[in-house]
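Please read this report alongside the sequence and the 3D view. The topics are domains, the chain interface, the nonpolar core, helix packing and a few single residues.

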Amino acid sequence: MAFFIETLIGGLMAGMLYSLIALGFVLIYKASGVFNFAQGAMVLFAALAMARFAEWIPQWVPALANPIVANVLAFALALGVMVLVAIAVEKLALSRLVNQEGITLLMATLGFTYFLDGLGQTLFGNDIYKIDVGMPKDPVIVAESLFQGGILISKEDLYSALIATVLVALLALFFQKTATGRALRAVADDHQAAQSIGIPLSTIWIIVWSVAGFVALVAGVIWGSKLGVQFSLSLVALKALPVVILGGLTSIPGAIVGGLVIGVGEKLSEIYIGPMLGGGIEIWFAYVLALLFLLVRPQGLFGEKIIDRV
Amino acid sequence: MRRVGEVILDVRNISVQFGGVKALSDISFDVREHEIRAIIGPNGAGKSSMLNCINGVYQPSEGAITFRGQTFRHMNSRQVAQMGVARTFQNLALFKGMSVLDNIMTGRNLHMRRNLLWQALRWGPAEREEIAQREKVERIIDFLEIQAYRKTPVGRLPYGLQKRVDLGRALAMEPQVLLLDEPMAGMNVEEKQDMCRFILDVNEEFGTTIVLIEHDMGVVMDISDRVVVLDYGRKIGDGAPDEVRANPDVIRAYLGTQH
């Protein structure tokens, strides 16, 4: 029983991190109807910026050598860089593609992926860097009185999951409860109509891509401090694909539940079904689950079912 | 109550081309303040193209549009909205995932003084503003008699009601000129009557100038002050409903040539 709960908690915490990346996809999809292929590249770019700024700041200004100060400044700088990226995306690409088909915009983000991968490594280098924001590495053991030996929880995962939860909750409120959120949803539904009532498309897009950049930065910092900042970080985004398929591309709660289901599913399946299939199923389990979902409920758990008038 | 006033919108020699196809050639007409002005014509006459020019969706290849003394040729929809022109759409363009209330609230966007970043915090002044805007929106909801559907996602409403929400969203902008693109298309008789009543009420109570497109002559003749008739991108008639009805070119366009 204790082992089961331990696996479950581990899965939930990993799932929260998948949700965080999936959220980047959902945000941009909701507000511009674009499936942003570049989300993974943005995570890598943001993490690279953060890691390198944290390293460079004490070199530039020795007075700022304090690791907390350096990290906070690096985070702020990296955020600034992501906002610049958002402005560039809007000015150079999106503003020229108003009212175009989704597939055109998807191709634009595909190109943007390669550009950002290259730019990031040119500006910030292509080694393996580390981000050290003081995440505790040692695990804790809880509920020793209930189970023999207690339940082992990784503190790092726990903190990451908490940060992700708070962020997700804030973004959900922002989208549902504020006038800006409403304008964002309006733009997502219909560019033309949104313009006709005077919603400024360009401002909205810059806000959305900045928020997505912020989410990418947080995801990049958390994943980067776990795995190190390197090119493979951009592949973490692939993990978010089954999450958005499961949860629905248009739903923030969907991204959360989808992430948790995938996280828990992966861990439990590895332990309870894995041995029957010779193990190693954690790698592909999520994708198979997503595939099954596409057959049964293509709009995802919480996605909007699109019914067109014919 | 309402009195037709000065010319508020003046369309001069507008031509629109799509590649080799001339959608509109050399169209001129004016719209006076507080009037209901209809643009009619058979399918493909260029009515929607005309509306899209006024709305800034299409850029005319020739000609200019003067709105309240300001002449423009290259405008985008947002600038036109800022000048006080609202529109509804022929094929509904509501924000499908959102509730009736939220849809109409988006129409208040231009009236929100706090910028988007302030609104994002939803705190203090931004919160008070949201409440003030909500009151105005509730009045529109009452006016259009859609109180019961306030929280319903618009995608689930029947077509006639969706058209009403579309009108509500445009009204929320408190426009000076309201462009209606086939507000009665696809409606049954009862829904058409309701819509006519709303259009007349908007015109009378708020004094909003209305430019209306329809290809059904009957309804239009009853509610409009003056009518422009288009056929194959040309203007073939302009005047009061009775004049237009008697115009031989118009009769020919609608009934075909007499042999």
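Which domains does the domain assignment give for chain B? The assignment gives domain 1 (1-84 + 175-259) and domain 2 (98-169). The model is predicted.

**Domains of chain B**

The centres of domain 1 and domain 2 of chain B, taken over C-alpha atoms, are separated by 27 Å. Their contact takes 8 residues from domain 1 of chain B and 6 residues from domain 2 of chain B. On the domain 1 side, H2 and helix H7 (189-206) of chain B each supply at least two residues. H7(B) gives the largest share of that side, 3 residues.

**Interface between the chains**

How many residues of chain B are in contact with chain A? There are 28 from chain B, and they meet 23 residues of chain A. Four elements of chain B give two or more residues to the side that touches chain A: helix H2 (77-82), strand E6 (85-87), helix H3 (100-106) and helix H4 (116-121). H2(B) gives the most, with 4 residues. H2(B) also supplies at least two residues to the side of domain 1 of chain B that touches domain 2 of chain B.

**The largest nonpolar core**

The largest nonpolar core has 169 residues. Within this core, Val43(A), Ala46(A), Ala47(A), Met50(A) and Val208(A) touch the most other members. Helix H8 (residues 201-227) of chain A brings the largest share, 18 residues. Domain 1 (1-84 + 175-259) and domain 2 (98-169) of chain B both give residues to this core, so the core lies between them.

Take Ala46(A) as one of those well-connected members. Leaving out residues up to four places away in sequence, Ala46(A) touches Ala78(A), Met82(A), Gly213(A), Ala216(A), Leu217(A) and Gly220(A).

**Helix packing in chain A**

How do two helix pairs of chain A cross? Start with helix H9 (residues 240-247) and helix H10 (residues 252-272) of chain A. Their axes come within 8 Å and cross at roughly 120 degrees. That makes H9(A) oblique to H10(A). The crossing of H9(A) past H10(A) is right-handed. On the H9(A) side, the residues in contact are Pro242(A), Val243(A), Val244(A), Leu246(A) and Gly247(A). They meet Gly254(A), Ala255(A), Val257(A), Gly258(A), Gly259(A), Val261(A) and Ile262(A) in H10(A).

The second pair is helix H6 (residues 179-189) of chain A and H8(A). Here the axes are 10 Å apart, and the packing angle is about 105 degrees. H6(A) and H8(A) are therefore roughly perpendicular to each other. H6(A) makes the contact through Thr180(A), Ala183(A), Leu184(A) and Val187(A). H8(A) answers with Leu201(A), Ile204(A), Ile207(A) and Val208(A). Val208(A) is also among the core residues that touch the most other members.

**Single residues in chain B**

The table lists burial for four residues.

| Residue | Other C-beta atoms within 10 Å | Burial |
|---|---|---|
| Gly237(B) | 21 | buried |
| Val244(B) | 24 | buried |
| Arg68(B) | 14 | partly exposed |
| Glu145(B) | 12 | exposed |

Gly237(B) sits in strand E10 (residues 234-239) of chain B. Gly237(B) and Val250(B) are 13 residues apart in sequence, and their C-alpha atoms are 6.6 Å apart in space. Beyond residues up to four places away in sequence, Gly237(B) touches Val229(B), Val244(B), Asn247(B), Asp249(B) and Val250(B).

Val244(B) belongs to helix H9 (residues 241-246) of chain B. With residues up to four places away in sequence again left out, Val244(B) touches Val227(B), Val229(B), Gly237(B), Gly239(B) and Val250(B). Gly237(B) and Val244(B) thus appear in each other's contact lists. Val244(B) and Arg156(B) are 88 residues apart in sequence and 40 Å apart in space, C-alpha to C-alpha.

Which phi does Arg68(B) have, positive or negative? The value is positive, about 45 degrees, although Arg68(B) is not a glycine. Arg68(B) lies in the loop between strand E4 (62-67) and strand E5 (70-72) of chain B. Glu145(B) has a positive phi too, near 55 degrees, and is a residue other than glycine. The loop that holds Glu145(B) runs between helix H5 (125-143) and helix H6 (159-171) of chain B.

Key: Residues are numbered from 1 along each chain as its sequence is written. Chains are lettered from A and ligands numbered from 1 in the order in which they are written. This is a predicted model: local features need pLDDT of at least 70, side-chain atom pairs count only at pLDDT 80 or more; totals for chains, interfaces and linings use all residues. A nonpolar core is a set of buried Ala, Val, Leu, Ile, Met, Phe, Trp, Tyr and Cys residues joined through C-beta atoms within 7 Å. A residue is buried if 20 or more other C-beta atoms lie within 10 Å of its own, exposed if 12 or fewer, and partly exposed in between; C-beta atoms are placed from the backbone. Domain bounds come from an automatic or database domain assignment. Two residues are in contact if their C-beta atoms, placed from the backbone, lie within 7 Å. Axes are lines fitted to C-alpha atoms, for helices over the stretch in contact, and angles run from 0 to 180 degrees between N-to-C directions. Angles under 35 degrees count as roughly parallel, over 145 as roughly antiparallel, 65 to 115 as roughly perpendicular and the rest as oblique. A crossing is left-handed if the near helix is turned anticlockwise from the far one by less than a right angle, and right-handed if clockwise.
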